[in-house]
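Welcome! Have the sequence and the 3D view open side by side, and try each exercise before you read its solution.

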Amino acid sequence: MENHKLVACMLDMGEILLTSGAEVNRIEDTLARIGAAYHFQRVDVFTITASIVLTVHTADGEIITQTRRIKGAQVDMERIDKVNYLSRKICEKEPAVKYIENEIREIKNITGYPEWLIGIAYFCVAGAFAVFFGGDIMDGAAAGIAAVVLRVMLRIGQRIRMNALFLNMMCSAVVGIVVMVLTRIGIGHSVDEIVIGNVMLLIPGVALTTSLRDIIGGDIISGLLEMTEAILKAAAIAMGFAVLLLPL
Amino acid sequence: MGHETLPMMTYVIQVLTGTIGSIGFSILFNIKGYKIAVGAVGGAVSWIVYLISFYRTDDVVTSMLISTMVVAALAETCARICKTPVVILLVPMLIPLIPGRDLYYTMQHLVFGRMDRAAFYLQLVLKEAGAIAFGIILLTFVTQFLQKTVHYFENKKKIIKHKIN
């Protein structure tokens, strides 16, 4: 029974890593290391973006298989860091299962930054990139204002559990309209730069890079899944911003 | 593309705003404490290296590859010092290199029906993202190789000592 619980804990750790945006490689590596620390004869991990399958042969000849369906993803580096720290500790000390369960519960309770700070971060990122790509300071301000609207929209969409693709499309459309209104009333003038600042917040650039990394590194299935998701998302954003081209 | 003669100030502003972008994304990715500072410095370094190598090579994709490799080396080193996973430090460092503008232009030309220009920007986006991914992978393998080599020789030394004793 203890071993069954341990395998469940290992899957918990894998799940946290996968939903927080770690590479497939890291997850398989972490689980294999923990297995080795508890003297399992053999550890087989198969991870794709949507599920983890884990089979272990324990020291006393028992074979345990568990699977986990993974849903949803929210990049959260603090969790990756904490799970990494926990796995280091497990490999050093081989603690009791109870201890690992408690630690995992604590990691799951980690909260992000407060909402107002995230709003400011949205403002700064969009503003900074509008200037970065050649806008002036007023373009930056306009991009920042549009980004705050974008954040509010995203929160509402997530609260009512809207389909992710449709949410992205709608958010980009709203941002497009806000940018259009702002430039009409004289805040900022180059629409392209203002929009690009906001595109930087929405585009799955990190996901695209991670997917290519997985593919080159040999995890072709996960890489293709992630890449398809990234391309669909980019297409949805593009369709949303097409509202800017309407003759208004 | 050819050399554009922009005033020095433009580059300074680009490095500054790129750094602000890195810090902002660090907050969105829930990175805590001193790691934000490491990511911010890396973000500045990535754009400075990109600018220098663009000045020398006059090629966007090559510059991105070089810049990614430098930054990935920096991230691998810092990760070993701080004992944290490499991704945490690397992702914010790469933020200024993300080809957001070219992705936007691809979409814009596509919607306007200017297929030749859309195709041009699309291949540029794919090459840039590919260069970043390839740079990271290359550095990962180089570090693994170095680590294994060092490990191998340390083990050998131990065995020799054991034999002498």
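The exercises below go from one chain to the interface between chains, and then to the spaces inside.

Please keep in mind that this is a predicted model.

**Exercise 1. Describe the build of chain A: which helices and strands does it have, and in what pattern?**

Step 1. Start with the count: the secondary structure of chain A consists of ten helices and three strands.

Step 2. Now follow the sequence. The pattern reads α-α-β-β-β-α-α-α-α-α-α-α-α.

Step 3. For the dimensions, take the C-alpha atoms along the principal axes; they fill a box of roughly 75 × 35 × 30 Å.

**Exercise 2. Find the domains of chain A and work out how they meet.**

Step 1. The domain assignment splits chain A into domain 1 (2–108) and domain 2 (115–245).

Step 2. Over C-alpha atoms, the centres of domain 1 and domain 2 of chain A are 33 Å apart. Seven residues from domain 1 and seven residues from domain 2 take part in the contact.

Step 3. Together, the two domains of chain A bury about 640 Å², with 57% of it on carbon and sulfur atoms. On the domain 1 side, Glu23(A), Val24(A) and Thr49(A) lose the most area, together 59% of what that side buries.

Step 4. Finally, look for salt bridges across this domain interface: the rule finds zero.

**Exercise 3. Which parts of chain A does the salt bridge between Glu15(A) and Arg68(A) tie together?**

Step 1. Recall a general idea: side chains of opposite charge can pair when their charged atoms come close.

Step 2. Check the distance. Glu15(A) and Arg68(A) form a salt bridge at 2.7 Å, N to O.

Step 3. Place the partners: Glu15(A) belongs to helix H1 (residues 2–19) and Arg68(A) to strand S3 (residues 63–69), so the pair ties together parts of chain A that are 53 residues apart in sequence.

Step 4. For context, the count over all chains comes to twelve salt bridges.

**Exercise 4. Describe the interface of chain B and chain A.**

Step 1. Count the residues in contact: 44 of chain B and 47 of chain A.

Step 2. Turn to area. The size of an interface is often given as the accessible area lost when the parts come together. Chain B and chain A bury about 4,200 Å² between them, 76% of it on carbon and sulfur atoms.

Step 3. Look at the chain B side. Leu28(B), Asn30(B) and Tyr104(B) supply 14% of the area that chain B buries against chain A, more than any other three residues.

Step 4. Search for salt bridges: the rule finds one across this interface. Lys35(B) forms a salt bridge with Asp81(A), and their closest N and O atoms are 2.5 Å apart.

**Exercise 5. What lines the second largest pocket?**

Step 1. This pocket holds about 1,200 Å³ of space. Its lining has 34 residues, and Arg26(A), Asp29(A), Arg33(A), Arg80(B) and Gln144(B) lie nearest the centre.

Step 2. Trace the elements that give two or more residues to this lining: from chain A they are helix H2 (24–37), helix H3 (77–93) and helix H9 (205–217), and from chain B helix H3 (60–82), helix H4 (86–94) and helix H6 (115–164). H6(B) provides the largest share, nine residues.

Step 3. Return to the domains of Exercise 2: domain 1 and domain 2 of chain A each give at least three residues to the lining of this pocket.

Step 4. Sort the lining by type: eleven residues are nonpolar, eleven polar and twelve charged.

**Exercise 6. How many cavities of 30 Å³ or more are there in the whole structure, and which residues line the largest cavity?**

Step 1. The search finds one cavity of 30 Å³ or more, and the largest cavity has a volume of about 40 Å³.

Step 2. Its lining is made up of Ile203(A), Gly205(A), Leu208(A), Thr209(A), Pro99(B), Leu103(B), Val125(B) and Ala129(B).

Step 3. H9 of chain A and H6 of chain B are the elements that give two or more residues to this lining. H9(A) gives the most, with three residues.

Step 4. By type, the cavity lining has six nonpolar residues, two polar and no charged.

Notes
Residues are numbered from 1 along each chain as its sequence is written. Chains are lettered from A and ligands numbered from 1 in the order in which they are written. This is a predicted model: local features need pLDDT of at least 70, side-chain atom pairs count only at pLDDT 80 or more; totals for chains, interfaces and linings use all residues. Side-chain values use heavy atoms; hydrogens and water are left out. On a 1 Å grid over the protein atoms alone, a cavity is a set of points where a 1.4 Å probe fits but cannot get out, and a pocket is an open set with protein on both sides within 12 Å along at least five of seven lines; lining residues have an atom within 4 Å of a point. Grid points are joined across faces, edges and corners, and a volume is the space filled by probe spheres set on the points. Helices (H or I, at least four residues) and strands (E, at least two) are DSSP runs, numbered from the N terminus. Ala, Val, Leu, Ile, Met, Phe, Trp, Tyr, Cys and Pro count as nonpolar, Asp, Glu, Lys and Arg as charged, and the others, Gly among them, as polar. Domain bounds come from an automatic or database domain assignment. Contact means heavy atoms within 4.5 Å. Buried area is the accessible area (1.4 Å probe) that two parts lose on being put together, summed over both. A salt bridge is a side-chain nitrogen of Lys or Arg within 4 Å of a carboxyl oxygen of Asp or Glu.
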